[in-house]
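This report introduces a protein structure to a reader who has not met it before. Please keep the sequence and the structure in view while reading.

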Amino acid sequence: MLQLHDVTKLYGSGAAQVRALDGVSLSVDAGSLVAVMGPSGSGKSTLLTIAGSLEEPTSGDVVVGGSPLASMSVDERARLRRRSIGFVFQDFNLLPGLTAAENVALPLELDGTRPRAARQMAIEALEGLGLDTEADRFPDQLSGGERQRVAIARAVVGDRRLLLADEPSGALDSANGEAVMRLVLAACRRGVAAVVVTHDAQLASWADRVVFIRDGRIVDGTVPPPSPEALLQAAPEP
Ligand code: ADP
């Protein structure tokens with residue numbers, strides 16, 4: 001679903017030049033969750049913005065859903081972002097003047113879905129995340145955990161195939177942080193490919209793969225040991 005081939009991103013020029021990414025290659029299959037960990041300034045956010053076609057790499061290729069981003073026009077990339085890519089940020093980024101349902105419906109409406117159909121899809125996405133009764137509340141009437149669940153609903157509504165999340169649980173307590181990871185994982189089990197930046201090793205251990213990044217380079221990619229949950233699921237019937 002997502003491939004980065006030898007991606008390098010330079011910011012600035014001359015002595016002030018920063019190599020935010022340095023020859024990064026990464027492949028994320030449909031249905032899988034990749035966690036990205038690394039110190040501050042190591043290039044994690046740059047990786048997400050480039051994977052999400054919000055910025056172009058200095059060199060290297062990015063392929064989303066089989067289409068190389070470099071071969072797309074600006075309009076085609078914008079359509080891909082509206083239709084196929086969901087973004088989740090640490091600070092939720094909900095529009096305060098819109099209700100939960102309106103926030104979730106917005107990307108669909110921007111993409112041409114009729115308001116009534118968009119609302120219906122938004123309500124279903126919210127229901128799927130346990131927010132049945134919150135649809136008509138405004139963000140300031142919701143808790144932090146509820147707001148982040150609305151942001152996830154917005155990121156997976158419609159036919160989104162790629163979920164990119166930058167510290168989605170960073171502003172939440174551990175119970176809500178876990179709930180957010182659970183929802184991301186559930187989206188993956190429905191076929192979404194997800195890349196989640198997190199500082200939390202416990203949450204990262206839920207991922208199918210953990211990628212460590214330092215100074216713009218992937219330094220290690222490990223398959224984590226199965227979580228206690230996975231072990232329980234795999235346990236033979238008594
Ligand atoms: P992380 O998300 O791991 O904290 P970033 O991807 O934000 O790291 O940043 C990687 C490096 O690129 C840092 O040195 C940062 O200062 C630099 N950087 C990121 N964005 C820009 C930008 N728009 N202009 C200049 N430098 C940037």
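The following paragraphs describe a predicted model, beginning with a sheet and ending with salt bridges.

**The sheet and a helix across it**

Four strands form an open sheet in the order β2-β1-β4-β5, and their pairing is antiparallel. The edges are taken by β2 (18-28) and β5 (67-68); each has a single partner strand, so one side of each lacks a neighbour in the sheet. Strand β1, which covers residues 2-11, is joined to β2 by seven bridges in the antiparallel sense. Within this pairing, Gln3 is placed opposite Ser27 of β2. In general terms, the strands of a sheet pair through backbone hydrogen bonds, in either a parallel or an antiparallel manner.

Helix α1, residues 44-51, lies across β1, β2 and β4 (59-64). The helix runs at about 120° to β1.

**A buried loop residue**

Thr99 belongs to the loop between β6 (85-89) and α3 (100-110). Is this residue buried or exposed? Thr99 counts as buried because its relative accessibility is 7%, which lies under the 20% limit. When neighbours within four places in sequence are left aside, Thr99 is in contact with Ala135, Asp136, Arg137 and Phe138.

**Salt bridges**

Across the whole structure, ten salt bridges are found. Side chains of opposite charge can pair when their charged atoms come close. Three of the pairs are listed here with their N to O distances.

| Acidic partner | Basic partner | Distance, N to O |
|---|---|---|
| Asp22 | Arg217 | 2.9 Å |
| Asp111 | Arg82 | 3.4 Å |
| Asp208 | Arg189 | 3.5 Å |

The salt bridge between Asp22 and Arg217 links distant parts of the chain, with Asp22 in strand β2 and Arg217 in strand β10 (residues 217-222), 195 residues apart. Asp22 counts as buried at 17% relative accessibility, whereas Arg217 is partly exposed at 47%.

In the salt bridge of Arg82 with Asp111, Arg82 comes from helix α2 (residues 74-84) and Asp111 from the loop between α3 and α4 (115-128), 29 residues apart. Arg82 is partly exposed, its relative accessible area being 30%.

The salt bridge of Asp208 with Arg189 connects the loop between α7 (201-204) and β9 (209-214), where Asp208 is found, to helix α6 (residues 174-189), which holds Arg189; the two are 19 residues apart. Asp208 is partly exposed at 33% relative accessible area, while Arg189 is exposed at 53%.

Finally, salt bridges with shared partners join Arg19, Asp22 and Arg217 into one network.

How values were computed
Residues numbered from 1 in each chain as written. Predicted model: local features only at pLDDT ≥ 70, side-chain atom pairs only at ≥ 80, totals over all residues. Heavy atoms only, no water. Pairing = 2+ DSSP bridges. Contact = heavy atoms within 4.5 Å. Axes fitted to C-alpha atoms, helices over the stretch in contact; angles between N-to-C directions. Buried < 20%, exposed > 50% of the residue type's maximum accessible area, 1.4 Å probe, protein only. Salt bridge = Lys/Arg side-chain N within 4 Å of Asp/Glu carboxyl O.
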